[in-house]
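Reader: I've got this two-chain model open and I'd like a close look at one part, the open sheet in the second chain. Could you walk me through how it is put together, and then show me what else is going on around it?

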Amino acid sequence: MIRSQVLVCGGTGCTSSGSKAVLAAFEEEIVKQGLDEEIKIVPTGCFGLCERGPVVIVYPEGTFYSRVQKDDVAEIVEEHLLKGRIVERLVYKDVAEDVKTELKDGFDPSKVSLNDTIFYKSQKRVALRNCGVINPESIDEYIAVDGYAALGKVLTEMTPEEVIKVVSDSGLRGRGGGGFPTGRKWSFTAANQADQKYVVCNADEGDPGAFMDRSVLEGDPHCIVEAMTICGYATGATEGYIYVRAEYPIAVKRLEIAIEQAKEYGLLGDNIFDSGFSFNLHIRLGAGAFVCGEETALMTSIEGNRGEPRPRPPYPAVKGLFGKPTTENNVETFANIPQIILKGADWFASMGTERSKGTKVFALGGKITNTGLVEIPMGTTLRKVIEEIGGGVPNGKKFKAAQTGGPSGGCIPASLIDTEIDYDNLTAIGCMMGSGGLIVMDEDNCMVDIAKFFLNFTVDESCGKCAPCRIGTMRMKEILEKITEGNGTLEDLDKLEELALYIKENSLCGLGQTAPNPVLATLKFFRDEYEAHVVDHKCPAGVCKALLNYTIIADKCKGCTKCARNCPVGAISGQVKQPHVIDNSVCIKCGACMDNCSFGAIIKG
Amino acid sequence: MENMVNIKINGVPYTVPAGISILEAARYAGIEIPTLCFLKEINEIGACRICMVEVKGARSLVTACVYPVNEGMEVFTNTERVRNSRRHTLELVLSTHNKNCLTCVRSGNCELQKLCKEFGVEDADRFAGRMPDFEFDDSAAHMIRDNSKCILCRRCVAACQLQDVAVIGANARGFDTHISSAFDKDLADVSCVSCGQCIVHCPTGALREKDDTAKVFAAINDPEKFVIVHTAPSIRVTLGEAFGMHMGTNVQGKMVAALRRLGFDKVFDTNFTADLTIVEEANELVERVSNGGTLPMITSCSPGWIKYCEHYYPTELDHLSTCKSPQQMFGATIKTWYAQKMGIDPKNIVCVGIMPCTAKKFEAQRDDQSASGYPDIDYALTTRELARMIETAGLFFPKLPDEEFDNPLGEGTGAAVIFGATGGVMEAALRTAVETITGKELEDVNFTEVRGTKGIKEATYNVNGMEIKVCAASGLSNAKKVMDEVKAGTSPYTFIEIMACPGGCVNGGGQPVQHAVVRNFYDLKAIRGAALYEADKNLPKRKSHESEAIKTVYSEFFGKPGSHKAHEVLHTSYVARPKYK
């Protein structure tokens, strides 16, 4: 008889902070304590709070342990599982104020559950509902949380038209970045007659720092299998492809397991539920090209060709994979489908804003306390995401901007922190939802440098097919380099903008059409920073090395020689107990002197 | 009408067929929208972005080349926004382009140069910046790839793919994207067949034949050398294009006059050996049929095809006729029989072929092509190289008088002249073979079933109760279809003609370059080919075996077709070649 379950996060974040060892230690320790008949250890998908990983939750209490290391396991097993005493030092304590108040005698870790924490309280988990809840490698656990019930309902009670209507009425829009209404997309494919149609799942998540899709695939692979099968039924497709990055080995492995299990259970393959409907799924691994996240490039890659976009029209719904009508959605979009079918369009449409329904998963990164995955209802303000859920900007620094949409997106400056996040609001301020990367920047980030970072990325990832993207982005990057090296002119800013607008309008695919966005957005909101680089030859954030000088304030310098000893290039000279001097022609701006000065005598600027 | 749509182009209403592209619709309106990458049906990739036009209601500009028209569409082809877009694209392309235009072989005939002029690009260095690392590949016998002039339109890639050869493609990505062979191998080390289709599809000077004109001029200037030139059948109907004349103009007389004025000692016609090929090949076929030799027998005139067969069907080489190509037979006959007859040491004879073909340069360098002990052919020039020689010599081509070829090797029949079009060799062979087998004169020499530009044409003839099934294929992807059957042992044919280039030699890789805008809207191979059939119709003799020159050469030298001497001089051998070295 199992009396207690220990959930150990097996998501990517926790795996990299050592959860595999924690899991092994638990397995070993419960055997040692003779508890293996009573305690079940469950490896799960991502909980979201990667910053505090490895994460362990003990049920039925729901105790939320964070940053558990393998050496902590013996204590948890002996104290908590054997003796029933919660290991207080490991419990995550950042709980919501109202919860704290409710707990009259102050903080009582044994009474705090996951959903009481500030991080989780404002979240609404739809796409991520099973992540961190079930063992992703067990179809039985998925079925236990209503898995495949939606497929059953669709195949036994609904016509394809009814399925599309529910999806349309729910207001679900593509979560891959474009925000195209999913139901309408499905109806286009359904309307085209062909001897073969396809469903494609875009799991080529490529934005730097984004890992929403990865977490769904790792934490709840069956829901993608189920959703794609539903889509196949609705659109008349009998074959599906999941195009997933080869850099996601855990996701690939779990998808393979899920497909095998579903086939074994008759939930995938020929004549599912005796309905006469057959659907097969295949996995294709991407070789790491960002452009393959673009739908036509992705299909070209599946076909075995160099991953390059093709002109549209013809759209995939008419002529997609292997020239056949194809529906392509990304992972998060599919992850919403089974719930929409089960709970209905109205339920889904009750979340979110007027034109953006449901929730959106964001990968929080950058200068934020709670790095990790969050799923929020559309319409949540950026302020809430950053200050509340994200725990704010660390080290008392000032929030400067949030970057969304990765290399295709723009930035939301601090002045717009009360923007309610949805497709249209972000587009209106020249930003975009993107696939859900949300990178927080503080006063130490140089916006010109950020723009250069993203442009570097697109220059690297441009496929090279069309001239505007292939050559234009390189020229933009060169101008940004010139500016950050202190050689820019005001004319360069005009040229930068001119090129940006040209590339946006003339590129072949979404990659090129959105590549200039980081530049355009920073130019719009932080033109003063660009001008500081160009006119004053200063980098206000102190990031661009060429515009940076380290200076020793003679009054403060005690002549301790520590800076000179730590300078790797011998740029500092001076007598003992006399003020030292930095030779800026030799200095490589590494900052070692400043880090080593005990008297605050060195400044940069 | 049901399949028509109403659109407006620049405010003017038009009714055009539904589903055609904006580019095609604009042609109806008399508007030429510029293109660089677009090749109808073979390269519809929308990559160069030069054909951008404005469509009312569209989020951004659209590519006219692939964007279909639909009811009510309003297109604007010449707005400030469109002109700006095109100019920017050109400026960016120029920023990675080797702009040594003055010394470029395509100067004056470059599609990029033309567009820069049309769109008023004033500062070629406006977006100057770093350049990619360009590859320069002169490893192949027939051509040079100079990536510093490549604009990545990928027309060459599409042409190569259409040939089922596909040895070039995009490598690396982004700014470093470049066209090259797999693993950046040299062209000489991959299975390039030297057909030159990439060259005639290139909009700029990135791809060009190896120029041998200086060597030919030097030979002409050398008093020791007796320099003989002979021109392939198709040259007479294409050379005029290089001088602004209409496609399909037969300029045989002016071509002969030009060659004579260039200083060649003798101006002969490759048609002579085209006839010789027919006689030898027909004899070989009859022998194979009667003695249980390897069938089907396949023609060997097209060196691109031969090289393709050696790389891709190395086990099927026995099917190839052992006859040398007309070019090689010509050189071989000149340096043996003609040298002997005229008392000239073959060492001092320089034999130059004017060919529609870049693979002829490779062929001239093959082993087993030196009947006299000296190479049969010293230089194979393309039509384009001849045009340049004429320009260098300052000859005003359209005003030249019409002159006749020299004798005795200036005689050719109608059967020979149609060698330049797909199906021509087959028809020529049939004219001779049928008469040989039946012993009766043909009532009608026109075997129209094997004419036309279709990729694969087949016909069955009943000759003396014997059913002969034949096939003519042009373009190597069609050759592949035919060869797969041959390899599988299921080929129904007795005799097959294969030409490497789609449409045959009239569309060869050595022919004058026509811009994509011409290729997209005119069927070059049909227009040029029609001129050859017209020439055939007007010739007094239309069967190879009736040529007086052929009768002479057999009676004086070879004896009879397939003789020991003929084998020594006129036949050759083939080698299996790997795909990668």
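Author: Let's start with a pair of strands: β16(B) and β17(B) run antiparallel and are joined by eight bridges. (Strands are DSSP runs of E with at least two residues, helices are runs of H or I with at least four, and both are numbered from the N terminus; two strands pair if DSSP finds at least two bridges between them.) Ile456(B) has its bridge partner in β17(B), namely Ala473(B). The two strands make a hairpin with two residues between them, and in the turn Asn464(B) has a positive phi of about 50°.

Before going further, a word on what you're looking at. This is a predicted model, in which local features need pLDDT of at least 70 and side-chain atom pairs count only at pLDDT 80 or more, while totals for chains, interfaces and linings use all residues. Residues are numbered from 1 along each chain as its sequence is written, and chains are lettered from A and ligands numbered from 1 in the order in which they are written.

Back to the sheet. Ala473(B) also has a bridge partner in β18(B), and that is Ile498(B). Here β17 (466–474) and β18 (495–499) of chain B pair in the parallel sense, over five bridges. Put together, the open sheet has four strands in the order β13-β18-β17-β16 (chain B), with mixed pairing. The edges are β13 (297–298) and β16 (456–463) of chain B; each has a single partner strand, so one side of each is left without a neighbour in the sheet.

Now add the helices. α14 (424–438) of chain B packs on the sheet and touches β16, β17 and β18 of chain B, with its direction at about 10° to that of β16(B). Contact here means that C-beta atoms, placed from the backbone, lie within 7 Å. Axes are lines fitted to C-alpha atoms, for helices over the stretch in contact, and angles between N-to-C directions run from 0 to 180 degrees. α15 (476–488) of chain B lies across β16, β17 and β18 of chain B too, running at about 145° to β17(B).

For the wider layout, chain B is divided into domain 1 (4–78), domain 2 (94–209) and domain 3 (214–293 + 320–426 + 505–568), with bounds from an automatic or database domain assignment. Taken over C-alpha atoms, the centres of domain 1 and domain 3 of chain B are 43 Å apart. Their contact takes six residues from domain 1 of chain B and five from domain 3 of chain B.

And where does the other chain come in? In chain A, 23 residues are in contact with 26 residues of chain B. On the chain A side, the elements giving two or more residues are α18 (447–461), α19 (467–484) and α20 (490–506) of chain A. The largest share, eight residues, comes from α19(A). By class, that side of chain A has eleven nonpolar, four polar and eight charged residues (Ala, Val, Leu, Ile, Met, Phe, Trp, Tyr, Cys and Pro count as nonpolar, Asp, Glu, Lys and Arg as charged, and the others, Gly among them, as polar).

How values were computed
Contact = placed C-beta atoms within 7 Å.
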